[in-house]
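Here are a few exercises to work through at your own pace. Keep the sequence and the model side by side, and try each task before you read its solution.

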Amino acid sequence: MIIKLSPVRSEERMTLSRLGDMLTINGLALDFAKLPEGGALPALAIGSSDVIGPVERTSGQLMLTLRFPHSADAPEEARFPADIVDPAAGQVPLPGVKLGPEQPAAAGVIDWSQVITAEAKAQEQQELLLASVTSEIAQRRGAADMAITPLQDAVDLEEATEAETEQLKSWKRYRVALSRLHEKEGYPTEIDWPAPPA
């Protein structure tokens with residue numbers, strides 16, 4: 001478990017204890033044992049304002065960020081706290097905070113319907129990649145269209161030079177190559193982009 005602390009100036013006090021994948025934050029017990037490998041829970045799915053970022057499980061390790069209140073005269077270790085890595089079971093020592101008696105815990109609410117699985121993350125990444133590649137193809141296609149239009153006009157009007165006719169063919173070959181990228185093996189992860197005519 002890795003707990004990141006995000007310091008905030010406040011006179012509130014924080015208490016924190018751990019039991020396996022369950023964290024009790026200020027008397028509110030939140031059990032993250034059901035979070036699958038590679039999964040994430042957005043902060044809004046967790047019924048605690050002290051959890052200010054997504055809770056994720058990566059390589060078996062639970063990672064989360066907590067709001068960490070500190071007073072104006074708090075020591076530097078509380079104002080610039082280091083990550084807490086694999087705290088032992090029981091009360092978790094917090095920088096600049098003296099351990100006191102543990103508070104009785106009440107069960108916290110976690111909306112498990114908002115879990116983002118590793119598969120969903122991978123699907124989202126694939127969709128983002130596809131959208132990015134599609135946009136890049138459209139941008140390159142637009143540049144080709146702009147180059148082709150006046151050259152095609154010159155050919156249609158029988159005013160094109162031999163060099164312009166060859167340039168038109170080169171741009172059209174380039175545009176065809178762009179239109180066939182989706183047929184290539186590895187698309188959209190691996191793309192061998194055609195070079196535009198010089």
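A residue is called buried under 20% relative accessible area, exposed over 50%, and partly exposed in between. Keep in mind that this is a predicted model.

**Exercise 1. Lys121 and its partner**

Task: Decide whether Lys121 is buried, exposed or partly exposed, and find the residue with which Lys121 forms a salt bridge.

Solution:
- Step 1. Lys121 has a relative accessible area of 25%, so Lys121 is partly exposed.
- Step 2. The salt-bridge partner of Lys121 is Glu56, and their closest N and O atoms are 3.5 Å apart.
- Step 3. Because Glu56 belongs to strand β6 and Lys121 to helix α2 (residues 118-156), the pair ties together parts that lie 65 residues apart in sequence.
- Step 4. Glu56, with a relative accessible area of 28%, is partly exposed.

**Exercise 2. Two more salt bridges**

Task: Where in the chain do the partners Asp145 and Arg175 lie, and where do Lys169 and Glu166 lie?

Solution:
- Step 1. Between Asp145 and Arg175, the closest N and O atoms of the salt bridge are 2.8 Å apart.
- Step 2. Asp145 sits in helix α2 and Arg175 in helix α3, 30 residues apart, so this pair links distant parts of the chain.
- Step 3. Asp145 is partly exposed at 26%, and Arg175 counts as partly exposed at 23%.
- Step 4. Lys169 and Glu166 also form a salt bridge, with their closest N and O atoms 3.9 Å apart.
- Step 5. Both Lys169 and Glu166 lie in helix α3, three residues apart, which is about one turn of the helix.
- Step 6. The structure holds ten salt bridges. Some share partners, joining Glu12, Asp50 and Arg67 into one network.

**Exercise 3. Following strand β6 through the sheet**

Task: Work out which strands pair with β6, and which of its residues are on the covered face.

Solution:
- Step 1. The open sheet has five strands in the order β5-β6-β7-β1-β8, with mixed pairing. Its edge strands are β5 (40-41) and β8 (84-85), each pairing on one side only.
- Step 2. β5 pairs with β6 (residues 55-58) in the antiparallel sense over two bridges. Leu41 has Val55 as its bridge partner, and Ala40 has Glu56.
- Step 3. On the other side, β6 and β7 run antiparallel and are joined by three bridges. One bridge partner in β7 is Gln61, which goes with Thr58.
- Step 4. The hairpin of β6 and β7 has two residues between the strands, and Ser59 there takes a positive phi near 50°.
- Step 5. The covered face of β6 holds Val55 and Arg57, whereas Glu56 and Thr58 are on the uncovered face.

**Exercise 4. Finding the cores**

Task: Which residues of the largest nonpolar core touch the most other members, and which strand gives the most to this core?

Solution:
- Step 1. As a starting point, nonpolar side chains in soluble globular proteins tend to be buried together.
- Step 2. The largest nonpolar core has 25 residues, and Ile3, Leu16, Ile25, Phe32, Leu41, Val55 and Leu66 touch the most other members.
- Step 3. β1 (2-9), β3 (22-25) and β7 (61-70) each supply at least two residues of this core. β7 gives the most, with four residues.
- Step 4. Apart from this core lies another, of eleven residues, including Ala144, Ile148, Trp171 and Tyr174.

Methods. Residues are numbered from 1 along each chain as its sequence is written. This is a predicted model: local features need pLDDT of at least 70, side-chain atom pairs count only at pLDDT 80 or more; totals for chains, interfaces and linings use all residues. Side-chain values use heavy atoms; hydrogens and water are left out. A nonpolar core is a set of buried Ala, Val, Leu, Ile, Met, Phe, Trp, Tyr and Cys residues joined through side-chain atoms within 4.5 Å. Buried means under 20% relative accessible area, exposed over 50%, partly exposed in between (1.4 Å probe, protein chains only). Two strands pair if DSSP finds at least two bridges between them. A salt bridge is a side-chain nitrogen of Lys or Arg within 4 Å of a carboxyl oxygen of Asp or Glu.
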